[in-house]
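User: Please take a close look at how one helix packs against its partners, and then at a sheet elsewhere in the model. A single connected account would be preferred.

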Amino acid sequence: MQGIRRTFDDGERRIRVLDGLDLEVAAGERVAVMGASGSGKSTLLHLAGGMDLPDEGSVELLGRAIHALEEPERTTYRAAHIGLIFQEHNLVDALDARENLRLVPWLTRTEVDEERIESLARALGVEDLLDRRPSRMSGGQRQRVAIARALVHAPRLVLADEPTGSLDQDTADRVMDLLAERAHDAGAALLLATHSRRAAERCDRRLALRGGLLEPLD
Amino acid sequence: MLTRFVHAFARRQPAQFLLAVAGIAAGIAVVTGVALLRGALLDSLDDAATELAGTDALIVRAERGPLPVPRYAELARMPGAPDWVPVIREAVRADGVRLEAVGIDAFSAARRFGVDPAAPSPAGRSGAPAAGTVARTDRATLDLLGLRPGDRLTLDHEAGPVEVVVQPLDGAGPGLDRRLVLDIADAQAAFGRRGTVDELLAPASARRWILEHLPEDLAWRTADERRESARQLTSGMRANLAAMSLLALATGLFVVYSVLNFLAVQRRPLFATLRGLGLTPRRLAGLLLVESLVLGLVGSAIGVVLGTALADLLLALIADPVNEIYGQLPLARSDPSAGLVLGIVGAGLVAAMLVAVPIVREALDVPPGRMAHERRPPPLARRVVPAASALVAAGAAWVALDARLVAGLGGLFLVLAGLLLVVPALGFGALRIAAAGLGRSLPGHALTLLGAGRHRLAPGLAALTLALALSIGMGAMILGFRTAVDDWVAKLLRADLYVSATTGSLDAERVERLSRLEGVAAVSTVRDLSARDGTRVTAYRLPEAAWGGFQWIAGDPESVREAFLSGRAIAVSEPFARRRGLSVGDELSVPLPLGERKMRVAGVFRDYSTDRGFIAVDASLLGRARGPVGSVGLYLADDASRERVISRLAEAGDGRLDWITPEDIRSQSLAVFDRTFRISWAMAVLVACIALVALVSALLAHGLERAREYATLRALGLTPRRLGALVVVQTLGLACAALALAVPLAIFVHYALTLVIQPRAFGWSLPATLPPAAPFLWVAPSALALAALAGLAPAWRVARRRPAEALRGAS
């Protein structure tokens, strides 16, 4: 990401959230971005995933300028190469865990790898929950299923936005360990937005987002 | 504070506010339109007579057709005869506005209004004196037409355009609204009515003279009696219209419910916050009820205005058939009374409040401070089956135990309401099965996701199912009825030609001459007699061939014929038998010209010509009072040519005979039938349109509630186009479910209308045949196409947002 500027209009004034931000994440690298609420962490992740477009600057993923792609193409590219984890798990309530894991192959129109689903579920300790709907799971169980969904299609980049924000400390630690390990095992880079220093410590690099710019935390 | 919330809601959510207002306005508009139409059917029928000769004016008419002027002259010359006011009435249009031209003689007009309708007019708008036929009307009608005194106006009449100069008629009451008063001679010339008048008006003081001296082939009534007669005649039609308007209102309420629901869902986080901050349940309930009241008030006010305009459109649909069937021309009153407005607005407010109750209950369930709370209601089926069973049982019991029309309609409402309660559970069950069958395809996922919002979508699904069931069921009933009428007319008309006088009736000598025409083997005659109580007696003289035309519902055909021809018994039409509770073997006092006579009912025959019914007697019972007849059927010899007989008729008739073939009568009957039921189709379309609005608002609510899922799907890789397609598939899925459920409901509606409502409203029964397939085939593709269109708005709404924006909005 290079020279990223992003401004929002709240109806009365314009707020510049990102102001010429640069960020490079290497393959397999785990990067944590910390910052106060409203500092632009989620915006940074949205831009990195092509879910939003910068006012200025460029976003490249695997050598491709995704900010310049048309919306359908950008969506398809994101689906193929990026895994997403949200703070509120965002599983589809109408589908059981297995169907939630099958969702990304369906979106990318690729074959479902049932073996991979099973092995991921085992690795994340949710193999007994595959036929259960999200509404009948605990918060930690849901987030583990969400991690499995983010990794099921072997993405090159995982974007995790406060993945442990709604969990208690013990569960958050377990979920974060699993996320960092599985992303690493899968060879995916991880860009983590978090308030939690404990979560950030599981990453290779920690950055702080202040005044619309990133700076090293350590 | 509460009003600020309401104001903020209208400002921030203009589309939803408008949708809610549109829902109430649409329902109220239909109710208002139908209320005004019902009023117009009753009130305006004889307003002109009341206006011209007073409320107790006596109106004399010929039994059939207009009255020849010589006949009027003869009446006027009779000793002690009252001062007749001859009147002709013609339907005309001016600039698309339906009017009635009333021709009266100058002396009567001068006496009533102080002006001579034919008097030369003063200068027109151009300043030059205007010349030509003068038409006078009240100021309101002049304003309606945008005219000033002295302006020229072209009237569209079936005989051709007629140009008149308009002048005000000061002192005219509301009875002359939309009526133009012309001098009778001018009117006769302009409308090609030379030599005939429609009616003679006489003052109330002439009652005794009329009782003693009026010839038997002339009928008389007071304006009030005619109004009462019209009330009875049109009761079935008015009841059906009222039922349809209530259904439209009920469907409109589904829209209001969906929209209010949508808004409640949208503001759930706000409610949670306010509750957390200390807003009491009572004040939250107050906020929502005030909102509903504001919506109800605004929607009702707009609905009354729209309904007033709608009344004119509905009247245009119904005026011709009413005129054809009941012989009276209703004109629209475009000014609803204050009482009507207050009643309708009050009903709108009450309905809006009632609809708000479940939404208020749900809003109060939101725990203080919990933004993401989602209410999980128990399964639909478990909640509704007991209530549905109770409603169906109550409705069925009401229909079975009470034979009145109101019980039929009320029972049908209850049964439909009960069945509609289980519609969502069945519909979403079917969608779940379909989703499983479609697997991991886009439609499969679309339908699976739809199931999660079933409690939100249930009202929209029920509204659409109701509208489709009514449209299809009513269409099936109308087509089935049409087939029955066509079949009845085809069987009834056994003669080769039917002859009547161009004006008045045919006297015995002319009938005799017709029977002697070369090629004529036999004649039948029909003469209508109306008793003072409105009982219609029709005297038949029928050759053997004519008897096959009767379809006997009760009574053995041979013994009926034998008893009828011997003058010992009568036959009655089915509506008459039903209205009087008569069956074969019962005795009835028959009003005959020579006095009342008790006679036995030998048979009941099918008849769709009049819903008030009539008694059929053999012409021999009239004895010396046989008199002139209305029409004559000619039965030709086997070797006779109809064309030749027609040319002989033309020669013998000397321009005073009209004739028509059975084929033409049949096609004219069906044309009248089709015009009569135009309004039913129009009402069904209105209900269906309102239901579609309900579906759209339900889908919007669904889209909002599932915003997080849609945002997630977009973020995970669902393209805008596929997300849009997913929403449209959901709409189509709902429409398919509604259609599938509407089919059995429509069959139920068809049989309920055919077997219960028709006999109770009009007195006649219809054969219980299978419903015709055509309405199903028309409605299904239209509903699916409209549903796909309706799905575009919510599809666009969810698909147009960037994933980041959608995720932010959903969190």
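Analyst: **Helix packing in chain B, and a sheet in chain A**

Of the contacts (heavy atoms within 4.5 Å) in chain B between residues at least 6 apart in sequence, 81% join residues at least 24 apart. The model is a predicted one, in which local features need pLDDT of at least 70, side-chain atom pairs count only at pLDDT 80 or more, and totals for chains, interfaces and linings use all residues; side-chain values use heavy atoms, without hydrogens and water. Residues are numbered from 1 along each chain as its sequence is written, while chains are lettered from A and ligands numbered from 1 in the order in which they are written.

Chain B contains 27 helices and 21 strands (DSSP runs numbered from the N terminus: H or I of at least four residues, E of at least two). Of its 811 residues, 55% are buried (under 20% relative accessible area, against over 50% for exposed and in between for partly exposed; 1.4 Å probe, protein chains only).

Helix 17 of chain B, residues 454–492, packs with helix 22 of chain B, residues 662–676, at about 155° and with the axes 10 Å apart (axes are lines fitted to C-alpha atoms, for helices over the stretch in contact, and angles run from 0 to 180 degrees between N-to-C directions). Helix 17 of chain B is therefore roughly antiparallel to helix 22 of chain B (over 145 degrees; under 35 is roughly parallel, 65 to 115 roughly perpendicular, the rest oblique). On the side of helix 17 of chain B, the contact is made by Ile478(B), Phe481(B), Arg482(B), Val485(B), Asp486(B), Val489(B) and Ala490(B). Helix 22 of chain B contributes Arg666(B), Ser669(B), Leu670(B), Phe673(B) and Asp674(B). This contact of helix 17 with helix 22 of chain B holds seven nonpolar, one polar and four charged residues (nonpolar: Ala, Val, Leu, Ile, Met, Phe, Trp, Tyr, Cys and Pro; charged: Asp, Glu, Lys and Arg; polar: the others, Gly among them).

Helix 17 of chain B also packs with helix 26 of chain B (residues 774–799), at about 150° and with the axes 8 Å apart. Helix 17 of chain B is thus roughly antiparallel to helix 26 of chain B. Here Leu468(B), Ser471(B), Ile472(B), Gly475(B), Ala476(B) and Leu479(B) of helix 17 meet Ala774(B), Pro775(B), Phe776(B), Trp778(B), Val779(B) and Ala783(B) of helix 26. The residues of the contact between helix 17 and helix 26 of chain B comprise ten nonpolar, two polar and no charged.

In chain A, an open sheet of mixed pairing has six strands in the order 7-8-9-3-10-11 (strands pair if DSSP finds at least two bridges between them). Strand 7 (82–85) and strand 11 (213–216) of chain A are at the edges with a single partner strand each, so one side of each has no neighbour in the sheet. Direction ignored, neighbouring strands of this sheet are turned by 20° against each other on average. Strand 3 (residues 30–34) and strand 9 (residues 189–194) of chain A run parallel, joined by five bridges, and Val33(A) stands opposite Ala193(A) of strand 9. Helix 2 (residues 71–81) of chain A packs on the sheet, touching strand 7 and strand 8 (157–161), and its direction makes about 80° with that of strand 7. Helix 6 (residues 169–185) of chain A also packs on the sheet, touching strands 3, 7, 8 and 9, at about 155° to the direction of strand 9.

Glu162(A), in the loop between strand 8 and helix 6 of chain A, has a positive phi near 50° although it is not glycine. At 9% relative accessibility, Glu162(A) counts as buried.
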